[in-house]
Amino acid sequence: DGLYQANANCSWLMAPTEPNRQVALFFSSFELEQEKDWVRVYDGSAAVEPLYSFTGSDLPSTVLSTAGSLLVTFTSDGMVSGEGFQASYYTLCAAGYVPDTYNPDECLPCEAGSYSAQPGLLECTLCSRNSYSDVAGASACKDCPALAQALDLGSSALSECFCLPGYIRNGSSCGLCPKGAECPGHGAARGLEIGRASCRER
């Protein structure tokens with residue numbers, strides 16, 4: 001008759017067979033007894049804290065893993081049964097990785113100086129001039145210090161963040177140029193002598 005069994009207690013683990021991939025779970029139909037029967041989705045392979053809990057007849061949106069796999073459980077009480085649910089899943093490259101052009105089943109890390117912010121993207125994005133990425137496989141770029149900026153897109157080291165004109169490097173931060181000195185910024189290393197001291201980019 002198409003109805004699911006009473007007192008059901010089922011579970012399904014969806015895990016990628018290839019590294020650096022995440023799981024996307026897609027529901028095509030959904031009808032459970034409201035507040036009595038539940039589908040719970042866990043991020044990872046253990047039923048610790050559900051990422052989502054679904055009941056009733058509203059079609060859930062797609063669920064995306066962050067831990068590399070999804071565990072789905074279904075429980076019902078001993079009373080009313082519904083039509084149940086239908087779902088399928090697929091895998092996609094994790095954040096920080098994109099498909100290999102010649103082998104889409106393989107996920108390659110974004111090179112230093114670039115990133116991919118979410119799973120399933122097809123290309124890496126260069127870091128903005130206000131940021132850099134010094135590792136491969138980054139899902140976000142790191143911010144340059146305040147009042148500093150890279151000379152171009154895709155910087156791969158903190159040392160490529162230069163203080164803006166009017167400011168000079170002071171350790172890992174940028175401070176105001178000393179009075180009477182010239183601090184042109186943009187990586188320039190010239191300075192004006194002030195007595196026995198000199199203002200230079202360090």
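**Strands, sheet and a buried serine**

Tutor: This is a predicted model. Start with one residue: Ser-131 touches Cys-141, Lys-142, Asp-143, Cys-144 and Ser-155, leaving aside residues up to four places away in sequence.

Student: Which strand holds Ser-131?

Tutor: Look at residues 131-132. They form a strand, and Ser-131 is in it. The strand is S12.

Student: Is Ser-131 buried or exposed?

Tutor: Buried means under 20% relative accessible area. Ser-131 has a relative accessible area of 6%, so it counts as buried.

Student: How many helices and strands are there in the protein?

Tutor: Take the helices first. The protein has 0 of them. Its strands number 19.

Student: In what order do the strands of the open sheet lie?

Tutor: The open sheet is built from 3 strands. Their pairing is antiparallel. Strands of a sheet pair through backbone hydrogen bonds. The order here is S5-S2-S7.

Student: Which strands stand at the edges?

Tutor: An edge strand here has a single partner strand, so one side is left without a neighbour in the sheet. That holds for strand S5 (63-64) and strand S7 (84-93).

Student: How many bridges join S2 to S5?

Tutor: Strand S2 covers residues 21-31 and runs antiparallel to S5. One bridge pairs Ala-24 with Leu-64 in S5. The number of bridges joining S2 to S5 is 2.

Student: And over how many bridges do S2 and S7 pair?

Tutor: This pairing is antiparallel too. Phe-27 stands opposite Ala-87 in S7. S2 and S7 pair over 10 bridges.

Student: What radius of gyration does the protein have?

Tutor: Set a reference first. A compact globule of 202 residues would have a value near 17 Å. The C-alpha trace of the protein spans about 95 × 40 × 25 Å along its principal axes. Its radius of gyration is 27 Å.

Student: What share of the residues is buried?

Tutor: The cut-off is under 20% relative accessible area. The count is taken over the 202 residues of the protein. Buried residues make up 35%.

Student: What share of the exposed area do carbon and sulfur atoms supply?

Tutor: The protein exposes about 11700 Å². Of that area, carbon and sulfur atoms supply 51%.

Student: How far apart are the mean positions of the positive and negative charges?

Tutor: The protein has 11 positive and 23 negative charges. Take the mean position of each set. The two are 24 Å apart.

Key. Residues are numbered from 1 along each chain as its sequence is written. This is a predicted model: local features need pLDDT of at least 70, side-chain atom pairs count only at pLDDT 80 or more; totals for chains, interfaces and linings use all residues. Side-chain values use heavy atoms; hydrogens and water are left out. Helices (H or I, at least four residues) and strands (E, at least two) are DSSP runs, numbered from the N terminus. The radius of gyration is taken over C-alpha atoms; the globule rule is 2.2 Å times the number of residues to the power 0.38. Buried means under 20% relative accessible area, exposed over 50%, partly exposed in between (1.4 Å probe, protein chains only). Accessible areas come from the Shrake-Rupley method with a 1.4 Å probe; for residues, only the protein chains shown count as cover. Lys and Arg count as positive and Asp and Glu as negative; His and the chain ends are not counted. The place of a charge is taken as NZ of Lys, CZ of Arg, CG of Asp or CD of Glu. Two strands pair if DSSP finds at least two bridges between them. Contact means heavy atoms within 4.5 Å.
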